[in-house]
Protein chains: 2
Amino acid sequence: MSAEEAIFQPVEPVRAYQRVAEQIEERILSGDLPPGSRLPGERELVSQFAVGRSTVREALRVLQSAGLVRSRPGDPLGAEVLGITPDNLSRTLGRLARSHLSTLGELVQFRMVLDAESNRLAARLHSESDLARMAEQIERMETLSAGEAGLHAFSEADALFHQAVAEASGNSLLGLCARAVHDAVVEVIEEKIAVAADATVWMQRSIAHHRQVLAAIRDGDGALAARLGRQALYDYYADRVEEGTRRLLSAALDEE
Amino acid sequence: MSAEEAIFQPVEPVRAYQRVAEQIEERILSGDLPPGSRLPGERELVSQFAVGRSTVREALRVLQSAGLVRSRPGDPLGAEVLGITPDNLSRTLGRLARSHLSTLGELVQFRMVLDAESNRLAARLHSESDLARMAEQIERMETLSAGEAGLHAFSEADALFHQAVAEASGNSLLGLCARAVHDAVVEVIEEKIAVAADATVWMQRSIAHHRQVLAAIRDGDGALAARLGRQALYDYYADRVEEGTRRLLSAALDEE
DNA sequence: ACCAGGAGACTGGTCAGACCAGTTGAATTC
DNA sequence: GAATTCAACTGGTCTGACCAGTCTCCTGGT
C-alpha cells in the first residue's frame with residue numbers, strides 16, 4: 001500500500017435541524033410527498049420528530065430556501081410541497097455570476113454553447129408537436145410586436161420558444177440551465193434591453209432569427225441551427241461584455 | 001393598448017429573516033465581507049438587526065444552506081464567510097436529477113455536450129501552463145494506476161484533468177456545471193465503477209483517452225477534442241442508461 | 001331556506017429567556 | 001516556563017408566549 005489508508009472517517013456533528021431536513025427532503029425527492037401535497041403543521045412535526053419548534057423551523061427554512069416547500073402564515077394545511085423548480089438553479093448561478101467568480105462574458109459564452117447544442121439536438125430529435133409549439137411562440141411574438149404590449153411579454157414568448165426547443169431536444173436539463181443562465185445575465189446587466197425607439201426594430205430582427213432557427217430545426221439541419229443560435233447571441237452581446245472576455249465569445253462562435 | 005396593464009405589483013409579505021438574510025448576502029456578494037472574514041456573533045446580530053435570535057438564526061440557516069457561511073459551535077469569532085463554491089450547484093443539480101425530472105440519459109447527454117464544448121474551447125484558447133497542468137494530471141493517473149491506490153484517487157485526478165481543461169477554456173462555469181453533473185451521475189448510479197478485475201484495464205484505457213484529448217487540444221484541433229470527449233462518455237455510459245434514452249446519447253454523439 | 005357576519009380555533013412568524021455542550025484564552029498551579 | 005483549571009463566551013436546542021393572519025363553523029337576520 002503506497003500510503004497508509006485511514007480506516008476511520010472523521011465524524012462531524014450532525015445538527016438536529018439537518019436530520020429533520022434530510023428526512024423531509026428524502027420523502028419529497030423519493031416521490032413520497034408529491035408536489036402539491038402538504039406537510040403536517042409545525043407543531044405536529046415537533047411531536048413527530050421529538051424536537052423543539054425552532055429546530056423544526058430551521059429545517060423548514062432550509063427546505064424552503066432550497067425551493068422544496070413553501071409556507072404561508074395561517075395556512076391550516078401546513079407547508080406546501082413544491083415540485084423541483086429551476087428557480088433555485090437560477091439563483092445559484094446568479095450568485096456565482098455576481099461573485100466575480102464568473103464574468104458576463106463567461107455567462108454569455110455558456111449560453112452560446114447551451115443554446116447552440118440545444119438547437120442542434122432539437123434538429124435531430126424533434127417531433128411534429130414540438131415544431132408546432134415553436135411556431136406558436138413565434139406567432140405570439142408577432143402579435144406582441146404588432147400590439148403595444150411590453151417588451152417583457154415579448155421576452156417571455158422568447159423564453160418559451162427556447163424552452164420548446166429544449167424540450168424537443170429531449171433534455172430538460174439543457175433548457176433549465178439555459179434559462180437559469182439567461183436569468184443570471186439579465187440580473188447582471190440591468191438589461192433595459194433597448195430603448196423604446198429600437199424596440200420595434202429589435203423585435204422584428206428577433207422574429208426573423210427565430211424563424212430561421214425553426215426552419216433549420218424542421219429541416220434537420222443541426223449545424224445551421226446551432227450556428228444561428230450562437231450568432232444571434234454573439235451579435236447581441238458582443239459589445240456589451242467586458243473588454244477582456246470578448247475573445248471567449250469569438251472562440252465559441254465558429255464551429256471549427 | 002391591447003391589454004390593460006396593471007399598474008401596481010402585488011405586494012407579498014417579506015419575512016423578517018428574509019430581510020436579515022438579504023442584507024448579509026448583499027454584503028457578502030458585494031465583496032464587503034470577503035471569504036474568510038467573520039460575521040458577528042448571533043447575539044450581536046440580534047442587537048444590530050433589532051430582531052429576535054430565532055429570526056437571526058433562521059437567516060443564518062438560509063445563508064448556510066446556500067453555502068455562503070459556515071458556523072461552528074463555540075466559535076467566539078462568529079460564522080465564517082465562505083467563498084462561492086460549486087458545491088451548492090452540485091446539490092441543486094443532484095436534486096433535479098433525483099426528482100425523475102431528469103433521467104440518467106439526460107444527465108449523460110448533458111455531460112457529453114459540456115465536456116465536448118469544453119474540450120473544443122480549450123483547444124482554441126489554451127495556454128502553455130494549462131497544457132502543463134493537464135499533462136501533470138495524466139502523469140498522476142499513471143502513477144496511481146501503477147500503484148495500488150484506490151479508484152477514488154484515480155477519479156479525483158480525472159476530475160482535476162477536466163477542471164484544467166475547463167479553466168483552459170476560459171469558462172469556469174463550464175467546468176463547474178460539468179463537475180456538478182458528474183457528481184449527480186455518480187449519485188444516481190452507485191457507480192461501483194467497475195469491479196477490481198476490470199479496474200486496471202479501465203484505467204489504462206482512460207489514460208490513453210486523456211492522452212488523445214490532450215494531444216488534440218495541444219494541436220488546436222477543437223473538433224477532434226470535442227469528438228473524443230463525447231465518444232468516451234458514450235462508450236462508457238451507452239449501455240448503462242435507461243433503455244428509452246439511449247437515442248439521446250446517440251443524437252449527442254455525432255457532430256453532424 | 002339562504003346568506004352575511006362574527007366568534008373561536010387554528011396557523012405560521014416572532015420574541016424572550018433559559019439551559020447545554022463545546023471552545024477559547026487567561027489565570028492559576030506545579 | 002509548562003501544564004492545568006476555570007470562567008466567559010459561543011452556537012444549538014428547548015420552552016412558552018404573543019401576534020397577525022386564515023379557516024371553519026355557528027349564529028342571526030332576511
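User: Which surface do the two copies use to meet?
Analyst: In this predicted model, 94% of the interface residues of chain B are interface residues in chain A as well, so the copies meet through the same surface.

User: How are the two chains related in space?
Analyst: Chain B is superposed on chain A by a rotation of 180° with 0.0 Å of shift along its axis, and the RMSD is 0.2 Å. That is the relation of a two-fold axis.

User: Why talk about a shift as well as a rotation?
Analyst: Because two copies of a chain are related by both: a rotation about an axis and a shift along it.

User: Back to the interface. How many residues are in contact?
Analyst: On chain B there are 62 residues, and they are in contact with 61 residues of chain A.

User: And what area is buried there?
Analyst: About 5500 Å² is buried between chain B and chain A. Carbon and sulfur atoms give 58% of that area.

User: How many residue pairs are in polar contact between the chains?
Analyst: The count is 15 residue pairs, with both residues at pLDDT 80 or more.

User: Which elements of chain B give residues to that side?
Analyst: Those giving two or more residues to the side that touches chain A are α1 (16–29), α3 (53–65), α4 (87–98), α5 (104–125), α8 (172–188), α10 (222–237) and α11 (246–253) of chain B.

User: Which one gives the largest share?
Analyst: α5(B) does, with 11 residues.

User: What is that side of chain B like by class?
Analyst: The side of chain B that touches chain A has 26 nonpolar, 17 polar and 19 charged residues.

User: How many salt bridges are there across the interface?
Analyst: There are 6 across the interface of chain B and chain A. Over all chains, the search of the whole structure finds 30.

User: Why would such side chains pair at all?
Analyst: Side chains of opposite charge can pair when their charged atoms come close.

User: Which residue does R95(A) pair with?
Analyst: R95(A) forms a salt bridge with E25(B), and the closest N and O atoms are 3.1 Å apart.

User: What about R57(B)?
Analyst: The side chain of R57(B) forms a salt bridge with that of E58(A), at 2.9 Å from N to O. R57(B) lies in helix α3 of chain B and E58(A) in helix α3 (residues 53–65) of chain A, so the pair joins two chains.

User: New topic: what domains does chain A have?
Analyst: The domain assignment gives domain 1 (16–81) and domain 2 (87–253) in chain A. Their C-alpha centres lie 36 Å apart.

Terms used
Residues numbered from 1 in each chain as written. Chains lettered and ligands numbered in written order. Predicted model: local features only at pLDDT ≥ 70, side-chain atom pairs only at ≥ 80, totals over all residues. Heavy atoms only, no water. Contact = heavy atoms within 4.5 Å. Buried area = accessible area lost by both parts, 1.4 Å probe. Salt bridge = Lys/Arg side-chain N within 4 Å of Asp/Glu carboxyl O. Polar contact = N/O pair within 3.5 Å; in protein donor to acceptor, adjacent residues only side chain to side chain. Helix = DSSP H or I, 4+ residues; strand = E, 2+ residues; numbered from the N terminus. Nonpolar A, V, L, I, M, F, W, Y, C, P; charged D, E, K, R; others polar. Least-squares fit on C-alpha atoms with pLDDT ≥ 70 in both. Domains from an automatic or database assignment.
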